[in-house]
Amino acid sequence: MDRLYDLPGLGMLAKVARVKRDLAGIRRRLRATAPEVKELRAAALRAVCLHAFRRSPFYRELWSAASLREDDLSALRDPSLLPVVSKEQLRSAWPDGLCADPAALRRAREIRTTGSTGTPVRVALDREKVLFTIALFSRPSMEMHLGLRLERGLHVMVRSPQAIEGQALREFPAAEEVFLDALSPVEVLIEELNRRRPQYVLSYPGIVGAIATEARRRGVAPWQPEQFVFSGESLNPRVVASIRRTFPRAGLAQAYCATEVGGIAVQCHEGKGLHTLEYQTVVEVLDDEDRPAAPGVTGRIVVTDLRNRVTPVIRYAGLADLGAWAEERCTCPLAAYPLLARLEGRAAEAIRVPGGPVVHQFALTSALERLEEVAAFQVRHETATRVRLLVVPEPSAGEARREALRAEAADFLRPLLPGITIEVELVPALGREPGSHKTPAVVSLVPRDGGLE
Ligand SMILES: [Zn+2]
């Protein structure tokens, strides 16, 4: 099929037809009942696991060492029999360990994470998976999943051909019409927003947060889209508050995605959390011993991509996100899909106090949420014993308030970080990590197990 897609003229028709078929498939899946969703998920899981066992030396070795045979995989109903795979394991298996077929690898699209810390993780996607992901992030699919009416869009996403978001432009150059590179300077983003006047904007929370803050700083009222759809990093309350101040009438909807697997979950229509897209990604929430966490209990998010046949991603724990299943069901149109009540920041974004505990992002951001007249902040763990806290004061904050903020911010963090020097710096805006759209609330530049003792 890949060669067909690259034929002049005909290739484009084939790709359009494929995306339409995928959209029809998604529509059917969204109408399925909970038992049907379970059956389809089990069948897709068996297929991807059998494929991985036969074609991927990494999974074959890993599962054989756990005494699993092909028969076990043929009878698989859920992934819990399989060992969990770490980011490091996936990285070291790249590319030959994951895929024993060099021709398939050559034809595939290589996608990599733009993590602000550590080396990137790479996966390779065949064109079927690429086109499915494009269908999943298209306007009709967003309308179906979110129950919204969407018209003129502006997709402010990362343009790189090695980003999953950049694939739409690569396959369909006409998508340029609704596309804007998220890594453009924030002034350009505001100008384009005002010029194009979209009804909805698809982007990352950090990017829209930066637009919101910059517009207030300059005292300008930007164009008001009716709807924002967020993808990528999880929403933090500070960013939401900042966006609401600049775009008070806009609806805010959320989708949860990751480079390694694509779409993972979308917002519940009743606002009860995020429904996992089990026709594309199986989501598990596991405790410290890799057992399923009970509803309401926070655990690690572990994902299995049901569609990647080139470099399978099965029971992958490398997203390092934390979440909890809802304790009750909802009655929204997505009710057949499991509901995550909470999705909390990246577990990797944590600070280890020398000789003391690990302080997770959630504790740090909760402490700082109490700061008033602050548009944004970022905790940067720069050495084992030094934290630099960047604070963006609200443009309305006067000189006295700004000075008071320095001391207050440090006072809020100090009880959490004994033995760590806290330097507070007031800045007009947060910088982005190189090549990334993210402005994480907590950045640790300290190697995880180094530089402490
Ligand atoms: Zn729901």
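**Figure 1. Strands β11 and β12 of the predicted model form an antiparallel pair**. Two bridges join strand β11 (residues 299-305) to β12, and the structure shown here and in the other views is a predicted model. R300 is positioned opposite L322 of β12. Strand β12 spans residues 321-325 and is mostly covered, with five of its five residues buried. Burial extends to both faces of the strand: D321, G323 and W325 lie on one side, and L322 and A324 lie on the other.

**Figure 2. The largest nonpolar core contains 95 residues**. The members that touch the most other members of this core are V229, I264, V303, I314 and Y316. The surroundings of I264 illustrate the packing. When its neighbours within four places in sequence are set aside, I264 is in contact with Y256, C257, A258, T276, L277, T281, V283 and V303. A second core, separate from this one, has 24 residues, including L364, L389, L413 and A441. In soluble globular proteins, nonpolar side chains tend to be buried together.

**Figure 3. I164 is a buried residue in the loop between β3 and α10**. The loop is flanked by β3 (153-157) and α10 (167-171). I164 counts as buried because 28 C-beta neighbours lie inside 10 Å, where 20 or more are required. Apart from its neighbours within four places in sequence, I164 is in contact with I111, T133, T259 and G262. I164 and E260 are separated by 96 residues in sequence, whereas their C-alpha atoms are 8.8 Å apart in space.

**Figure 4. Strand β1 has one covered face and one uncovered face**. In this strand, residues 109-112, the covered face carries R109 and I111, and the uncovered face carries E110 and R112. Strand β2 (residues 122-125) runs antiparallel to β1 and is joined to it by four bridges. Within this pair, V123 of β2 stands opposite I111. I111 is also one of the residues in contact with I164, the loop residue of the preceding view.

**Figure 5. Helices α11 and α12 pack at an angle of about 90°**. Helix α11 covers residues 186-196 and helix α12 covers residues 205-218, and their axes are 10 Å apart. The two helices are therefore roughly perpendicular to each other. From α11, the contact involves V186, L189, I190 and L193, and from α12 it involves A210, I211, E214 and A215. By class, the residues of this contact comprise seven nonpolar, no polar and one charged.

**Figure 6. Helices α2 and α9 cross at roughly 0°**. The axes of α2 (residues 10-31) and α9 (residues 139-146) come within 10 Å of each other. This crossing angle makes α2 roughly parallel to α9. On the α2 side, L23, I26, R27 and L30 meet P140, S141 and M144 of α9. The residues of this contact are five nonpolar, one polar and one charged.

**Figure 7. Four strands form an open sheet with mixed pairing**. The strand order is β18-β17-β16-β19. The edges are occupied by β18 (421-426) and β19 (442-444), each of which has a single partner strand, so one side of each is left without a neighbour in the sheet. From one strand to the next, the twist averages 20°. Strand β16 (residues 374-383) pairs with β19 in the parallel sense, over three bridges, and S444 in β19 is the bridge partner of H381. Helix α15 (residues 399-413) lies across β16, β17 (386-393) and β18, and it runs at about 150° to β18.

**Figure 8. I420 is a buried residue in the loop between α15 and β18**. With 20 other C-beta atoms within 10 Å, I420 is buried. Residues up to four places away in sequence not being counted, I420 touches V353, T385, R386 and V387. The C-alpha atoms of I420 and H381 are 9.5 Å apart in space, while the two residues are 39 residues apart in sequence. H381 is the residue whose bridge partner in β19 is S444, which links this view to the sheet in the preceding one.

Methods
Residues are numbered from 1 along each chain as its sequence is written. This is a predicted model: local features need pLDDT of at least 70, side-chain atom pairs count only at pLDDT 80 or more; totals for chains, interfaces and linings use all residues. Axes are lines fitted to C-alpha atoms, for helices over the stretch in contact, and angles run from 0 to 180 degrees between N-to-C directions. Angles under 35 degrees count as roughly parallel, over 145 as roughly antiparallel, 65 to 115 as roughly perpendicular and the rest as oblique. Two residues are in contact if their C-beta atoms, placed from the backbone, lie within 7 Å. Ala, Val, Leu, Ile, Met, Phe, Trp, Tyr, Cys and Pro count as nonpolar, Asp, Glu, Lys and Arg as charged, and the others, Gly among them, as polar. A nonpolar core is a set of buried Ala, Val, Leu, Ile, Met, Phe, Trp, Tyr and Cys residues joined through C-beta atoms within 7 Å. A residue is buried if 20 or more other C-beta atoms lie within 10 Å of its own, exposed if 12 or fewer, and partly exposed in between; C-beta atoms are placed from the backbone. Two strands pair if DSSP finds at least two bridges between them.
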